[in-house]
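Work through the exercises below with the sequence and coordinates at hand. Each task is followed by a stepwise solution.

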Amino acid sequence: MTDVADPEAAMTAAPATGHETPAHPPTTTGMSHNKVAMWLFLGSECLLFGALISVYMFAKSRLPAGEIGPNDVFDIPFTSVSSFVLLMSSLTMVLALSALTRGEERGFRIWIVATALLGGTFIAGQVYEFTVFYNLGLGYTTNIFGSAFYTLTGFHGAHVTIGIVMLMSALVASLRGRLSPRNAETVELIGLYWHFVDIVWILIFTIIYLFPQ
């Protein structure tokens with residue numbers, strides 16, 4: 001007879017259920033390898049955006065007198081509304097993940113589409129803003145300020161666009177029955193990326209638009 005008081009004997013006697021090993025074994029940090037990889041990627045993105053912001057600050061300080069600059073083109077009220085739209089998408093992203101973890105597929109799809117639509121609205125606003133700036137005389141090669149501004153904000157816009165593609169991929173996966181509370185980490189990783197993009201925009205908006213000089 002197996003002595004149940006002996007932990008080793010009890011483990012030996014216990015039948016294998018196939019649930020002892022998690023699908024994503026944690027690392028020494030307590031996070032899965034996928035999540036650690038995402039955090040490392042976001043860390044590298046911080047360095048990249050930091051470099052772009054530094055270049056912009058340098059370019060702005062070297063803008064010759066009389067050249068078209070921030071005060072000639074920026075529309076703070078419009079950009080503020082566009083920024084608010086993007087920040088609201090972080091809330092809908094949280095609601096989407098929360099719905100998925102509770103097994104509410106319909107709620108998840110509604111909120112993930114809302115997130116993508118808010119992101120798309122931000123991109124549309126950015127395209128409109130670029131068009132207005134160009135019509136005012138600020139092109140990519142007009143001066144050093146224009147080159148630095150379009151590079152920084154355009155690069156961020158590209159990140160938002162990539163995030164929208166990721167959101168739509170999650171929606172398609174849900175419609176095909178490939179997303180459930182069991183593998184909600186996939187959506188959590190997309191959420192980390194999306195929140196990062198939003199935080200970076202807060203920094204860009206503050207530095208570029210609120211303190212143009």
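Helices are DSSP runs of H or I with at least four residues, numbered from the N terminus. The model is predicted.

**Exercise 1.** Determine which helix gives the most residues to the nonpolar surface patch.

Solution.
1. The patch consists of F84, M88, L91, L95, I110 and W111, with about 520 Å² of accessible area together.
2. Two elements, α4 (76-101) and α5 (105-135), give two or more residues each.
3. The most comes from α4, with 4 residues.
4. One of the patch residues, L91, lies in α4; its relative accessible area is 44%, so L91 is partly exposed.

**Exercise 2.** Check the length of helix α6 against its expected span.

Solution.
1. Helix α6 covers residues 144-175, which is 32 residues.
2. The expected span is 1.5 Å times one less than the number of residues, so α6 should span 46 Å.
3. The end C-alpha atoms of α6 are 47 Å apart, which agrees.
4. At the start of α6, a side-chain oxygen of N143 comes within 3.2 Å of the backbone nitrogen of F145.
5. After α6 comes G177, with a positive phi near 80 degrees.

**Exercise 3.** Find what the salt bridge between K35 and E188 ties together.

Solution.
1. The closest N and O atoms of K35 and E188 are 2.7 Å apart.
2. K35 is in helix α2 (residues 33-61) and E188 in helix α7 (residues 185-210), so the pair ties together parts 153 residues apart in sequence.
3. K35 has 15% relative accessibility and so counts as buried, whereas E188, at 29%, counts as partly exposed.

How values were computed. Residues numbered from 1 in each chain as written. Predicted model: local features only at pLDDT ≥ 70, side-chain atom pairs only at ≥ 80, totals over all residues. Heavy atoms only, no water. Patch = residues over 30% accessible without salt bridge, like charges linked within 9 Å, V, L, I, M, F, W, Y side chains within 5 Å. Areas by Shrake-Rupley, 256 points an atom, 1.4 Å probe, with all protein chains shown as cover. Salt bridge = Lys/Arg side-chain N within 4 Å of Asp/Glu carboxyl O. Buried < 20%, exposed > 50% of the residue type's maximum accessible area, 1.4 Å probe, protein only. Polar contact = N/O pair within 3.5 Å; in protein donor to acceptor, adjacent residues only side chain to side chain.
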